[in-house]
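User: I'm new to this one and would like to learn how to read it. Could you take me through a few features, step by step?

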Amino acid sequence: MTPPPGSRASVAVALATVLLAGCAGTAATGPRAGTGHEATRAAKNATHTAQPYRRWGLSDPLPAPPPPPARRVARPPGGPPPVLRRVPTRDRVVFLTYDDGAEKDPRFVGMVRELRLPVSMFLTDSVVGPGYAHFARLRAVGASLQNHTLDHAALRGLPYAGQRAEICGQQHKLHARFGVRPRLFRPPYGTYDGTTLRAAADCGIGAVVLWRATMTGDGRLTYAKGPARLRPGDVVSVPSAEPGGLSLRERTTLLLRAVQERGLTVGRLEDYV
């Protein structure tokens, strides 16, 4: 029975009808309510969460590296450590190495963590300065810490005692701070001599790691020897950039794009050497 117009009952029915219509309209328009900037940001964040490589400027994920080889490049018993610009392997991997420790980009830590980048950091004590906490965070997300001398001195031509002090001194520093004794060493500027190799061996170094490719401060790849393209086994050096250059994160993104264009991926240097 329909209540007479104007009665309290008819007013109540009309109010209930309005409320129900409002709820139905909200439910119907709910999925479309996020068509503005907030919904766009939410969708973008959801994509980045599901596909973190997009957050770091990559169009595709990095392929997983192959299993570590059964044998690593090793120092001959009683002999000097090998000097490597590239690793002899057929695996389609290159190796990312970072020098000095002058750049402490906190976003780079997130990049290494989310992309699971097996990077190697060659650290100089006088350059790192009070920033060792940053490299502790990098180590916690999978980076390895290696030796790049105490003071970044050019070693070639120095007496044995001076070269040993530079190399062994940084071994002691890294062991005291992180409990590690690096097996890999990179001489500053890539210069060394027979005395360097003897001192490195006496300090427990297993290999001297140079590089075949360098990522410059403006994001270009240059090559020391051989063809001007990345090849399996290449060691890539990413030195500290000059002020005003691209950030460590930006240069790493450009480097990873170049790696992908060649159908390669990033391997862990310490699995091979």
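User: Let's start with Thr253. Is Thr253 buried or exposed?

Analyst: Keep in mind that this is a predicted model. A residue counts as buried when its relative accessible area is under 20%. Thr253 has 9% relative accessibility, so it counts as buried.

User: Where is Thr253 found, and which residues is Thr253 in contact with, leaving aside neighbours within four places in sequence?

Analyst: Thr253 belongs to helix α9, which covers residues 248–261. Once those sequence neighbours are set aside, Thr253 touches Trp56, Gly57, Leu58 and Met111.

User: On to strands. Which way do the residues of β3 point?

Analyst: In strand β3 (residues 120–123), Ser120 and Phe122 point one way, while Met121 and Leu123 point the other way. All of them are buried.

User: How many bridges join β2 to β3?

Analyst: Four bridges join them, and strand β2 (residues 93–100) runs parallel to β3. To get from β2 to β3, the chain passes through helix α4 (residues 106–115), and this β-α-β crossover is right-handed. If you'd like one pair to look for, Asp100 has Leu123 of β3 as its bridge partner.

User: And what about β3 and strand β4, in what sense do they pair?

Analyst: The sense is parallel again: β3 and β4 (residues 144–147) pair over four bridges. Here Leu123 stands opposite Asn147 of β4, and Met121 has Leu145 of β4 as its bridge partner. Within β4, Ser144 and Gln146 point one way and Leu145 and Asn147 the other, and all are buried.

User: Now helices. How are two packed helices described?

Analyst: You give the angle between their axes, plus the distance between those axes. Try helix α7 (residues 160–178) and helix α8 (residues 194–202): their axes come within 9 Å and cross at roughly 45 degrees. That angle is why α7 is called oblique to α8.

User: Is the crossing of α7 and α8 left-handed or right-handed, and which residues make the contact?

Analyst: The α7 and α8 crossing is right-handed. On the α7 side, the contact is made by Tyr160, Gln163, Arg164 and Ile167. From α8 come Thr195, Thr196, Arg198, Ala199, Ala200 and Asp202.

Terms used
Residues numbered from 1 in each chain as written. Predicted model: local features only at pLDDT ≥ 70, side-chain atom pairs only at ≥ 80, totals over all residues. Heavy atoms only, no water. Buried < 20%, exposed > 50% of the residue type's maximum accessible area, 1.4 Å probe, protein only. Helix = DSSP H or I, 4+ residues; strand = E, 2+ residues; numbered from the N terminus. Pairing = 2+ DSSP bridges. Right-handed = clockwise from strand over helix to strand, strands pointing away. Axes fitted to C-alpha atoms, helices over the stretch in contact; angles between N-to-C directions. Parallel < 35°, antiparallel > 145°, perpendicular 65-115°, else oblique. Left-handed = near helix turned anticlockwise from the far one by under 90°. Contact = heavy atoms within 4.5 Å.
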